[in-house]
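Subject: Structure for your review

Dear colleague,

I am handing over the structure we spoke about, and below it you will find what came out of a first look at its backbone and its helix packing. Please read the notes with the coordinates open beside them.

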Amino acid sequence: MIINPDQLNTNKNDISIHKNQFDHLASSLSKQGIEVDQIVAKLANFQVAIPSWALGAGGTRFGRFSYYGEPASLEQKLEDIGIIHALTKSAGAVSLHIPWDIPEDYKAIKELANSLDIKFDAVNSNTFQDQPNAKESYKFGSLSNTSKTVRDQAIAHNREVIDIGKELGSKSITVWLADGSSFPGQNNFQTALSHTQNSLKEIYNVLPDDWKLFIEYKPYEPYFYSTVIQDWGTSFLLANECGEKAYTLVDLGHHLPNTNIEQIVATLMWKGKLGGFHFNDSKYGDDDITVGSIKPYALFLIFNELVYGMNNNPQNPELSWMIDASHNLKDPLEDLIQSLEAIQVIYAKALLVDQHQLKEAQKNNDVTLCQEILQNAYLTDVRPLVKQARLQQHGAINPLKAYRSLLVREQLVKERGKHTVATGL
Ligand SMILES: [Mn+2]
């Protein structure tokens with residue numbers, strides 16, 4: 001199923017209300033000296049990659065309840081992203097998971113992606129589970145394993161993922177390691193870290209010049225006592241050891257409760273070492289639920305630092321943005337539309353922060369004013385700006401409404417059948 005702009009009938013009903021709201025907000029922001037056109041242009045440019053595993057129902061470790069009409073092939077996954085992108089105009093990239101989504105016909109896949117205006121963002125390797133016919137097992141770790149044969153297999157897999165990415169036009173690889181231990185004494189921390197460092201260097205050595213290596217961290221899970229790359233400091237250390245093309249990747253769900261993620265973002269961007277960013281939200285652990293559904297103000301504070309970094313840290317590269325979420329209850333496509341909306345809305349709020357005024361207030365130690373500046377931006381209803389950015393690119397003013405009115409899921413079930421299962425899930 002492919003959505004064309006002329007199918008967006010809901011826009012015809014929504015346009016006059018939107019115009020009123022946008023004109024009202026734009027005139028009020030202009031009076032405050034805010035360049036509305038620039039903000040709308042920034043929102044239009046902001047593209048977030050959809051991972052190939054987020055288009056089906058993810059399930060939990062207790063069970064999985066599938067969703068009707070799930071994409072059963074890589075082609076169908078791209079079509080799903082094409083649908084979301086046509087509506088939101090902010091999902092113009094895909095992040096492939098290997099080996100779940102190895103293309104069979106590279107040329108055809110590239111043409112399909114191109115026709116849907118989708119780029120290939122970071123490729124993701126998988127050494128957290130054993131693949132059928134694999135010689136060695138990752139039960140006791142991959143890049144950190146005590147056995148050189150296992151480490152070599154994991155390194156070879158990552159190199160293969162880079163080769164696949166090269167064919168597609170990706171420019172980065174994300175490595176997330178599940179490696180760790182569940183019991184004190186099980187692992188020698190220094191040996192595990194040293195093995196990991198050496199393995200990452202071997203992967204780094206075959207990285208093309210114009211590629212980046214993203215090193216993701218996570219404090220716990222699937223192991224419960226220790227994780228080899230447990231925090232941003234460890235990832236940063238490994239990235240520095242690898243070289244200038246290696247960066248830290250921040251995943252919002254990969255922190256212990258109440259971690260000051262905005263401060264981590266600020267530190268990494270100052271050092272030019274923040275490469276990738278994964279969006280999701282959570283209440284208790286790595287819950288992978290809809291962006292902005294639990295802690296929107298925390299996300300705003302993080303975005304405030306991201307915007308500051310994008311404006312003030314030329315030493316930091318452009319970031320790879322991705323939604324890393326899992327869908328157990330909602331239609332995965334509806335969930336992604338809500339996540340994209342939340343990201344755009346919070347980004348727009350962060351763009352409203354008067355950085356100059358904030359700096360002055362900080363200089364004067366006017367704590368009250370500092371808080372006012374942030375909260376004034378946060379409490380502004382910026383949805384008309386986000387809608388305007390979409391409208392300018394011929395997307396839907398209200399993507400979720402359009403999705404439902406076009407009966408997308410019903411159509412997908414008709415095309416694919418009820419009981420399809422997305423590859424890898
Ligand atoms: Mn992630």
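I begin with N133, which is exposed, having 5 other C-beta atoms within 10 Å, where a count of 12 or fewer is what qualifies a residue as exposed. Please keep in mind throughout that this is a predicted model, and that the values below are computed from it. N133 sits in the loop between β4 (123-124) and α5 (148-168), and its phi is positive, about 70 degrees, although N133 is not a glycine. Most residues other than glycine have a negative phi, and most peptide bonds are trans, and the next few items concern departures from one or the other of these habits.

E221 also has a positive phi without being a glycine, in this case near 80 degrees. E221 belongs to the loop between β7 and β8 and is partly exposed, with 14 other C-beta atoms within 10 Å. The peptide bond that leads from E221 to P222 is cis, with omega near 5 degrees, and P222 is likewise placed in the loop between β7 (212-216) and β8 (226-227). A cis peptide bond also joins I98 and P99, with an omega of about 20 degrees; P99 has its place in the loop between β2 (93-95) and α4 (106-115).

Turning to the helices, two packed helices are described by the angle between their axes and the distance between the axes. Helix α6 (residues 189-205) packs with helix α7 (residues 232-242) at an angle of about 45 degrees, their axes being 9 Å apart, and α6 and α7 are therefore oblique to each other. The crossing in which α6 passes α7 is right-handed. On the α6 side the contact involves T196, Q197, L200, K201 and Y204, which meet L238, E241 and C242 in α7; by character, the residues of this contact between α6 and α7 divide into 4 nonpolar, 2 polar and 2 charged.

The other pair is formed by helix α3 (residues 74-88) and helix α10 (residues 332-352), which pack at an angle of about 40 degrees with their axes 11 Å apart, an arrangement that makes α3 oblique to α10. Here too there is a right-handed crossing, as α3 passes α10. D80, I83, I84, L87 and T88 are the α3 residues that meet L333, L336, I337 and L340 in α10, and the residues of the contact between α3 and α10 divide into 7 nonpolar, 1 polar and 1 charged.

Finally, which residues of helix α8 (residues 261-270) are buried? They are I261, I264, V265, L268 and M269, and they cover an arc of only 125 degrees around the axis, which puts them on the same side of α8. What these buried residues of α8 pack against is α7, β9 (246-251), β10 (274-279) and α9 (296-312), so α7 appears in this packing as well as in the contact with α6. After α8 comes G272, whose phi is positive, near 65 degrees.

With kind regards

How values were computed
Residues numbered from 1 in each chain as written. Predicted model: local features only at pLDDT ≥ 70, side-chain atom pairs only at ≥ 80, totals over all residues. Axes fitted to C-alpha atoms, helices over the stretch in contact; angles between N-to-C directions. Helix = DSSP H or I, 4+ residues; strand = E, 2+ residues; numbered from the N terminus. Parallel < 35°, antiparallel > 145°, perpendicular 65-115°, else oblique. Left-handed = near helix turned anticlockwise from the far one by under 90°. Contact = placed C-beta atoms within 7 Å. Nonpolar A, V, L, I, M, F, W, Y, C, P; charged D, E, K, R; others polar. Buried ≥ 20, exposed ≤ 12 C-beta atoms within 10 Å, placed from the backbone. Arc of directions from axis to C-beta.
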